[in-house]
Amino acid sequence: MNMPVRLRKSLLPCCALAVALSPTGCQQQTVAEGIYPQPRTGFFARRAQVRLVQEQADVAVIFIGGFSEQVLTHFRTVYETTPPLPVTGKQVRAFYAWDGGRGCLPFHSTRLLQENLRKFLSINPRANLIFIGHSYGGSAIMDALRGLNCEHGRVLAVTLDAVSCRERSKPRERATGVDYWVNVYCSPYRHPKDLAAIIGGPWRACPQADVNICFSGKERDAKGRRFQHARPDALFTTQGPNTTISAYELLRHACMQYGL
């Protein structure tokens, strides 16, 4: 079906802004092999949520993006390029927006994610859950788990420079049922794009996390780019200064350690 001309014209300014602000512009990232379901490609498809499939599976790997993620796709790249994790059985992957895709800017809601999780767990009551969230998506992990009162298996979580201004998330408390939690954050901030994180209310170090990894905004990665809030890929895959491996490798090890 062809898109109406009027609608196409109305979307052009948003598309141009997204391309201009995106760190990769029009460049398409290579999608990792073995991901199920395969991420959709294309400008608009990459800005849509990928709901958790309601079918039999052993592990659900859920990525949750932050504020403006559906325009800038900073975290979408992590979802698309992270290879399947070393788990036993069938793993499925999903991608959600921090506000459930409803555009609720004053507050975020994880109701859609919770509804999808309950349906998924009604089919797979012993399924293990793995969450990876960036910015508001990091706090959304704990919010969703606090509202999830149903049977499930192990729960692993990675929060990438999580932020939240809401009272229910300010304590940075570990949700009940989380078996392993890696918290990554950037401090001090040294990039103009980090203003969004400062306004959002950065979590920084979380005492209840199993591992805290801090990247200084004064430092640069192997490609010469500063560590910053808007680059979750570097925070996820780079070896931390206070660890010998990256958050991604820690998650892989945890999958094997907990027998997922």
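These questions and answers cover cavities, a pocket, a surface patch and side-chain pairs in a predicted model.

Biologist: How many cavities of 30 Å³ or more are there?
Modeller: Rolling a probe the size of a water molecule over the atoms shows where empty space is left. With the cut-off at 30 Å³, the count comes to two.

Biologist: What is the character of the lining of the second largest cavity, and how much space lies inside?
Modeller: Gly34, Ile35, Tyr36, Pro84, Gln91, Val92 and Arg93 line this cavity. Four of these residues are nonpolar, two are polar and one is charged. The space in the second largest cavity is about 40 Å³.

Biologist: Which element gives the largest share of the lining of the second largest pocket?
Modeller: This pocket has a volume of about 360 Å³. Its lining has 20 residues, and Phe67, Ser68, Ala196, Ala197 and His229 lie nearest the centre. Two elements give two or more residues each, α2 (69-72) and α6. The largest share, four residues, is from α6.

Biologist: How do the residues of that pocket lining divide into nonpolar, polar and charged?
Modeller: Gly counts as polar in this scheme. The lining of the second largest pocket then splits into two charged, seven polar and 11 nonpolar.

Biologist: Which residues form a nonpolar patch on the surface, and what is their accessible area together?
Modeller: One member, Leu195, sits in helix α6, residues 195-200. The patch joins Leu195 with Ile198 and Ile199. Together their accessible area is about 310 Å².

Biologist: Why is the pair of Phe75 and Phe95 tilted?
Modeller: The whole structure holds nine aromatic pairs. For Phe75 and Phe95, the ring centres are 6.3 Å apart. Planes under 30 degrees apart would count as stacked, and over 60 as edge-to-face. The planes of Phe75 and Phe95 are at 35 degrees, so the pair is tilted.

Biologist: Which parts of the chain does that aromatic pair link, and how many residues apart are they?
Modeller: Phe75 is in the loop between α2 and α3 (76-81). Phe95 is in strand β2, residues 91-96. The pair links distant parts of the chain, 20 residues apart.

Biologist: What is the N to O distance in the salt bridge of Lys90 and Glu55?
Modeller: A search of the whole structure finds 10 salt bridges. The cut-off is 4 Å from nitrogen to carboxyl oxygen. The side chains of Lys90 and Glu55 meet at 2.7 Å.

Biologist: Where in the chain do Lys90 and Glu55 lie, and how many residues apart?
Modeller: Lys90 is in the loop between α3 and β2. Glu55 is in the loop between α1 (5-21) and β1 (59-64). This salt bridge links distant parts of the chain, 35 residues apart.

Methods:
Residues are numbered from 1 along each chain as its sequence is written. This is a predicted model: local features need pLDDT of at least 70, side-chain atom pairs count only at pLDDT 80 or more; totals for chains, interfaces and linings use all residues. Side-chain values use heavy atoms; hydrogens and water are left out. On a 1 Å grid over the protein atoms alone, a cavity is a set of points where a 1.4 Å probe fits but cannot get out, and a pocket is an open set with protein on both sides within 12 Å along at least five of seven lines; lining residues have an atom within 4 Å of a point. Grid points are joined across faces, edges and corners, and a volume is the space filled by probe spheres set on the points. Patches are made of residues with over 30% relative accessible area and no salt bridge: like charges are joined within 9 Å, nonpolar side chains (Val, Leu, Ile, Met, Phe, Trp, Tyr) within 5 Å. Accessible areas come from the Shrake-Rupley method with a 1.4 Å probe; for residues, only the protein chains shown count as cover. Rings of Phe, Tyr and Trp (its six-membered ring) pair if their centres lie within 6.5 Å; planes under 30 degrees apart count as stacked, over 60 as edge-to-face and the rest as tilted.
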